[in-house]
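Let's take a walk through this model together. Have the sequence to hand and the 3D view open as we go.

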Amino acid sequence: MRKLIFTLFVFTFTFTTFAQTNTSNTTTKNQKKIWATQGIFSFNVGQGGSRNWAAGSERFTLQAAAYFNYQANRKWRKNIWENNLDLSYALINTNKLGFRKTDDKIDFVSLFRHSILKKNFLGIGAWFNARSQFHHGYDYSETPKRRISGLMAPGYLTFGPGFEIRSKSTSLFVSPVAPRMILFTNRPYSFNYQGGVKPDGSSEIPLSWHYNVDPQRKVRFELGALVSVKHRCEIVKNVTYSTRAAFFSNYVDDPQNIDIFWNNVFHLKVNRWLIVNYNFDLIYDDDVKLFGINHNKAATQLRSQLGVGFAAKFK
């Protein structure tokens, strides 16, 4: 419960800060607006329960999810600087399992480009991405439960100079030389047992090993090629679809195994305050070896969230 309260506080504080900044900027009527900003905050809650239900059901369930998106873009002369921040967090509570996390994401993308052709069709610049999560994640298939993630554990920082091709609703960014850092700054060993020795005498594997990070160094440096694609369109009135995919190939270690991060959002506006969101994420990271019978293999990660609830937009 404390995690939920803390996370909602972070969301509310961030939302209020942006709103106050925006309000202060609009007080000066004659001041030229440098940044084009917009954001959305949504929150939805679901509850269910049963008693003496023959078909089988949890006696009590409670779900809560929060989503925050903020964009800040600037255009001047032949330059464009675009920034996008996605934050999301969701929990479910059942009488048998207690609280469990169902969504947790920190995702920031920044793109700077300088146009070298008319109508901004082709430009050169740089792309930056930072990804992590707010709180600990656990593998509940083991007893006791095993911690498998945390804040900046891992954290991904990717930077790539390159060129971008864009149309009205689609852009393609390519970086032939993109450095990436995988950070594991929070308890990289994360043993369940004292000293990492199990009751049967065998040794536990350090958690950071599952992300291909040396637990003593706490960081892994990679150099590879990066391709980022994003697209946004209105399917029908009040229904929009946005997608962003990033592909990374490590030149040094198995370049044929391409890492994929793909995010999809369907947004339906019911009225001024009510929205429906469907998020679908796909990740394949060859460095994340948490799956399989022995928890030592990479696999495609899938996640989806459907939410109906309150939303507030601001600029």
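Is Glu58 buried, partly exposed or exposed? With a relative accessible area of 22%, Glu58 comes out as partly exposed, where buried means under 20%, exposed means over 50%, and partly exposed is in between (1.4 Å probe, protein chains only). Before going on, a word on ground rules: this is a predicted model, in which local features need pLDDT of at least 70 and side-chain atom pairs count only at pLDDT 80 or more, while totals for chains, interfaces and linings use all residues. Residues are numbered from 1 along each chain as its sequence is written, and side-chain values use heavy atoms, with hydrogens and water left out.

Back to Glu58, then. You'll find Glu58 in the loop between β1 (36-49) and β2 (60-76); strands here are DSSP runs of E with at least two residues, helices are runs of H or I with at least four, and both are numbered from the N terminus. Setting aside neighbours within four places in sequence, Glu58 is in contact (heavy atoms within 4.5 Å) with Gly49, Ser50, Thr94, Asn95 and Lys96. Gly48 sits ten residues from Glu58 in sequence, and their C-alpha atoms are 8.1 Å apart.

Now zoom out. The protein has one helix and 14 strands, and 41% of its 315 residues are buried. Take the contacts between residues at least 6 apart in sequence: 56% of them join residues at least 24 apart.

Another loop to look at is the one between β9 (170-183) and β10, home of Asn212. Asn212 is partly exposed, at 27% relative accessible area. Its side chain makes a polar contact of 3.0 Å with the side chain of Asp287; such a contact is a pair of N or O atoms within 3.5 Å, one able to donate a hydrogen and the other to accept it, and residues adjacent in sequence count only if both atoms are side-chain atoms. Leaving out neighbours within four places, Asn212 also touches Arg220 and Asp253. The C-alpha atoms of Asn212 and Lys289 are 7.9 Å apart, although 77 residues separate the two along the chain.

Follow that contact to Arg220, which belongs to strand β10. Arg220 counts as buried because its relative accessibility is 16%. The Arg220 side chain has a polar contact of 3.2 Å with the side chain of Asp253. Beyond four places in sequence, the residues that Arg220 touches include Arg180, Met181 and Ile182, as well as Asn250 and Asp287.

Strand β10 (residues 219-236) turns up again in the largest pocket, where it gives the largest share of the lining, six residues. That pocket holds about 1,400 Å³ of space. Of its 48 lining residues, Gln38, Gln71, Asn84, Arg232 and Ser242 are the closest to the centre. On a 1 Å grid over the protein atoms alone, a pocket is an open set of points where a 1.4 Å probe fits, with protein on both sides within 12 Å along at least five of seven lines, and lining residues have an atom within 4 Å of a point. Points are joined across faces, edges and corners, and the volume is the space filled by probe spheres set on them.

The second largest pocket has about 1,100 Å³ of space. Among its 40 lining residues, Lys101, Gln133, Ile148, Ser149 and Arg303 lie closest to the centre. Here β4 gives the most, with nine residues.
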